[in-house]
Amino acid sequence: MKKVLIPVTNHATLGDTDQANGTYAPELTHVVHVLKAQGIGYELASIQGGQVPLYGTDAEGDEVNRQMLEDAELQAKIANTLSVAELNVSDYDAIFYPGGFGLLSDLATDEQFATLAATHYEAGGVIAAVCHGPAALLPIMLSNGKPLIGDKSVTCFTREEEIDFGTISSIPFLLEEAIARKAAQYRKVQPWQEFVIEDAGLITGQNPASAHAVGVALAQHLKTQ
């Protein structure tokens, strides 16, 4: 069985504010829903391990999110994520980073996960990320000394979407700018529209509306490996 490693944040607030945050649940649940439907296994991990914070668990009108949050397997994995120190990245065929503002405060600068991801990618693995998930791509450096995204076309949550969402003044940094400065090409479409880019084993989606399509692209890639 193919298996996907899903690193998630331990950071429970929006930046330095007291606003509850973490991983945005629909970006996790929609991708896990696709993986399960395709018979692909998955594991959740975080820097510290253990219970991890989610928000968006009550997203209105999102039946997939509601259904998956009632899934006993997923709930058990959310409550007991593996720590980065416990991981053997060779056990996995892909890495997927869901979004949420929390990871801007930990995975966006974490060298341990970045090193594992570089090893995984250079061994032929695929990496996917959606919304703020691409923040975790920023510290990934390949063995040639170059950034993973340095020769890639990448998308992520946009400045306009931060403004619409009311978070532009609270985030630790503007992800669009950070990605645009490091990637070969940053691309986006109108706010809140589905948009996914695939480039040399790297799959990125712009926003929550893109999560399902990222899951489909990831599953298709794994099925053809």
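Hi everyone, let me start with a cysteine. Cys-156 has 0% relative accessibility and counts as buried. Before I go on, please keep in mind that this is a predicted model.

So what is the closest cysteine sulfur to the one in Cys-156? It belongs to Cys-131, and the two sulfurs are 8.4 Å apart, too far for a bond. Cys-131 is buried too, at a relative accessible area of 3%. A disulfide would need the two sulfurs within 2.5 Å, and a search of the whole structure turns up zero disulfides. For anyone who wants the chemistry, a disulfide is a covalent bond between the sulfur atoms of two cysteines.

Cys-131 also leads us to the next residue, because Cys-131 is one of the residues that Asn-207 touches. Where does Asn-207 sit? Look in the loop between strand S11, residues 202–205, and helix H7, residues 211–224. Asn-207 is buried, with a relative accessible area of 0%. Its side chain makes a polar contact of 2.8 Å with the side chain of Glu-161. A polar atom of the Asn-207 side chain also lies 3.0 Å from the backbone oxygen of Gln-193. Leaving out residues up to four places away in sequence, the residues touched by Asn-207 include Glu-27, Val-130, Phe-157, Trp-192 and Glu-194.

Now let's step back to the sheet. How many strands form it, and in what order? There are seven, arranged S5-S3-S1-S6-S7-S11-S10, in an open sheet with mixed pairing. Strand S5, residues 82–83, and strand S10, residues 196–199, stand at the edges with a single partner strand each, so one side of each has no neighbour in the sheet.

Let's walk along part of that order, with strand S1, residues 3–7, as our starting point. Is S1 mostly covered or mostly open? Mostly covered, with four of its five residues buried. S1 runs parallel to strand S3, residues 41–46, and five bridges join them. S1 also pairs in the parallel sense with strand S6, residues 94–97, over two bridges. If you would like one residue to click on, try Leu-5. Its bridge partner in S3 is Glu-43, and its bridge partner in S6 is Ile-95.

Over at S10, the sense changes: S10 and S11 pair antiparallel, over four bridges. A residue pair to look for there is Ile-197 and its bridge partner in S11, Thr-204.

And what lies across the strands? Helix H4, residues 111–122, lies across S1, S3, S6 and strand S7, residues 126–130. The helix runs at about 140° to S6.

Next, two neighbours in sequence that make a nice contrast. Asn-80 and Thr-81 are in the loop between helix H3 and S5. Thr-81 counts as buried, at 2% relative accessibility, whereas Asn-80 is exposed, with a relative accessible area of 54%. What does the Thr-81 side chain have beside it? One of its polar atoms lies 2.6 Å from the backbone oxygen of Gly-50. Setting aside neighbours within four places in sequence, Thr-81 is in contact with Val-8, Leu-44, Ala-45, Ser-46, Gly-49, Gly-50 and Val-52. With the same kind of neighbours set aside, Asn-80 is in contact with Gly-50 and Gln-51. The C-alpha atoms of Asn-80 and Ala-45 are separated by 8.4 Å, though the two residues are 35 residues apart along the chain.

One more loop residue, Ser-105, has its place between S6 and H4. Ser-105 is partly exposed, with a relative accessible area of 30%. Beyond its neighbours within four places in sequence, it is in contact with His-11, Gly-15 and Pro-172. Measuring along the sequence, Ser-105 and Ile-171 are 66 residues apart, yet their C-alpha atoms are 9.0 Å apart in space.

Finally, a word on annotation. An unreviewed UniProt entry lists residues 22–154 as "domain: DJ-1/PfpI". In the model, that stretch is 30% helix and 17% strand, and its end C-alpha atoms are 23 Å apart.

That's my tour, and I'm happy to pull up any of these residues on the screen.

Terms used
Residues numbered from 1 in each chain as written. Predicted model: local features only at pLDDT ≥ 70, side-chain atom pairs only at ≥ 80, totals over all residues. Heavy atoms only, no water. Buried < 20%, exposed > 50% of the residue type's maximum accessible area, 1.4 Å probe, protein only. Pairing = 2+ DSSP bridges. UniProt positions renumbered as here; feature names shortened; annotations may be inferred. Polar contact = N/O pair within 3.5 Å; in protein donor to acceptor, adjacent residues only side chain to side chain. Contact = heavy atoms within 4.5 Å. Axes fitted to C-alpha atoms, helices over the stretch in contact; angles between N-to-C directions.
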